[in-house]
Amino acid sequence: MRSFTSLITLVASSLFVLSEARSVSGNRVLVLLDAVSEKDNYIQFWSHLEERDFDLTFSSADDAQAQLVYFGEDIFNHIIHFAPNSKGMAQHKALNNIQLVDFVNRGGNLLIAASPEATDNVRALAAEFDIEVETDKVYDHNAYKEEHDKIVTDKIVGPSTIVDALSAPILYSGTGLVVGSLPLSSAVLNVGSSGFISDSYSKRREASPVTLAATMQTRNSARVAVVGSLDVFSDNFVDAEIESYDKTGNEEFINQLTQWTFQEKSVLKIVDRLHHKENETEQLDWYRVKDDVVYTIDISEYKNDKWVPFKADDVQLEVIMLDPYIRTTLKQVPGDETFGRFESHLRLPDVYGVFTFKVNYKRAGYTYLKAEDRVSIRPFRHNEYPRFLTAALPYYISTGSMIVGFLVFSAVWLSTWGKEPAVKKAKSN
């Protein structure tokens, strides 16, 4: 933890030094707060991040000297936006919504915590990622602690690649979210069956499903997480006792959510890929129609601070020329201790042209994989066609029968030629 000025000095002197962060995308984090003094509310959260080798820089959202880029290079790899009430960010040259969206487009990751009193600027920022922030509080008729707006929930609805099952429920106080229809975004945490959202608590209010935390992974695999509560991250909520539990599941939930957001888990990469003819090893730029080909791709997953073999049964290969001519599922075969190997044996289509071997793997929570190899598929040469075709057997038989018939006819005709005049001469005598 250090001042913004000292961080710029450090970055300028070590722009080309490799980071040893556990996150595959870097360890530099900018924390934006409504006031720097508020950081004392989340001491345990900061401690956990520092234990994971993150380098935190705290800044007020209204600090005019705050920057995201220094000499064309990103100063930070991740941003924690804990400033839902700051009104000056909309006019900030470096921290306005346009700059934050550009930061994500360049591959940066963003964690946003909102509140019922969040400014329109924060709501507009969340809307850029297909997530809307409500204006009212979330209440619960049954699952609450002390007050109905301090709700207790364990309803994890997102994929396990983002947040897995928790050992204790989460204590939550804040607003709700509305997740859009884009397949890139997904809800992670919902209120219980007796929860609802309203401007005030009422016993007559009917329960309705409300999303409390949501995520989005952009097409460049940058990650954004939005939580409708700042209190979820606070020490008071982390250490609070709830019914049947000595401690809430907030700490576990926060750790899993930030691990995913800052790309410490569910990160995939393609190690290698290869295609060649059956019983050969050389990769070619061209093949012949109906060739038997082997396609292999190696994929690693970043898990528990190391690269391990990725395991799946839904990785598909497409052989495309405008439209897919072949779509097949790759089978996992023995690989290495750091990557999983997927393989397919296929026969190329009986169509010549320029084709693409394409693996486009997109699953909720995982970084997206895309591998493309263009190859030419040529027709048979004149001397590569088989001498005889079984499909032409009827024509062979008809031709042979015609020849045999012609020969028989010729033999019969020749054997009887000249006999008829001799018979007539004998009769005349």
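**Close-ups of a pocket and a cavity**

**View 1. The second largest pocket holds about 250 Å³ of space.** We're looking at a predicted model here. Of the 14 residues lining this pocket, Gln259, Lys265, Ser266, Lys303 and Asn304 sit closest to its centre.

**View 2. Helix H6 and strand E19 (292-303) both help line the second largest pocket.** Each of the two elements chips in at least two lining residues. Strand E19 gives the most, with three residues.

**View 3. By class, the lining of the second largest pocket comes out as six charged, six polar and two nonpolar residues.** Lys265 and Lys303 are among the lining residues closest to the pocket centre, and both fall in the charged class. Gln259, Ser266 and Asn304, also in that closest group, count as polar.

**View 4. Now for the closed space: the largest cavity takes up about 50 Å³.** With a cut-off of 30 Å³ or more, the count is one cavity. Its lining is made of Gln44, Phe45, His48, Val238, Glu251, Ile254 and Asn255.

**View 5. Two helices, H2 (43-51) and H6 (250-261), each bring at least two residues to the lining of the largest cavity.** Gln44, Phe45 and His48 are on the lining list, as are Glu251, Ile254 and Asn255. Helix H6 is worth a second look, since this helix also supplies at least two lining residues to the second largest pocket.

**View 6. Sorted by class, the lining of the largest cavity has three nonpolar, three polar and one charged residues.** Phe45, Val238 and Ile254 line the cavity and count as nonpolar. Glu251 is another lining residue, and Glu belongs to the charged class.

Notes:
Residues are numbered from 1 along each chain as its sequence is written. This is a predicted model: local features need pLDDT of at least 70, side-chain atom pairs count only at pLDDT 80 or more; totals for chains, interfaces and linings use all residues. Side-chain values use heavy atoms; hydrogens and water are left out. On a 1 Å grid over the protein atoms alone, a cavity is a set of points where a 1.4 Å probe fits but cannot get out, and a pocket is an open set with protein on both sides within 12 Å along at least five of seven lines; lining residues have an atom within 4 Å of a point. Grid points are joined across faces, edges and corners, and a volume is the space filled by probe spheres set on the points. Helices (H or I, at least four residues) and strands (E, at least two) are DSSP runs, numbered from the N terminus.
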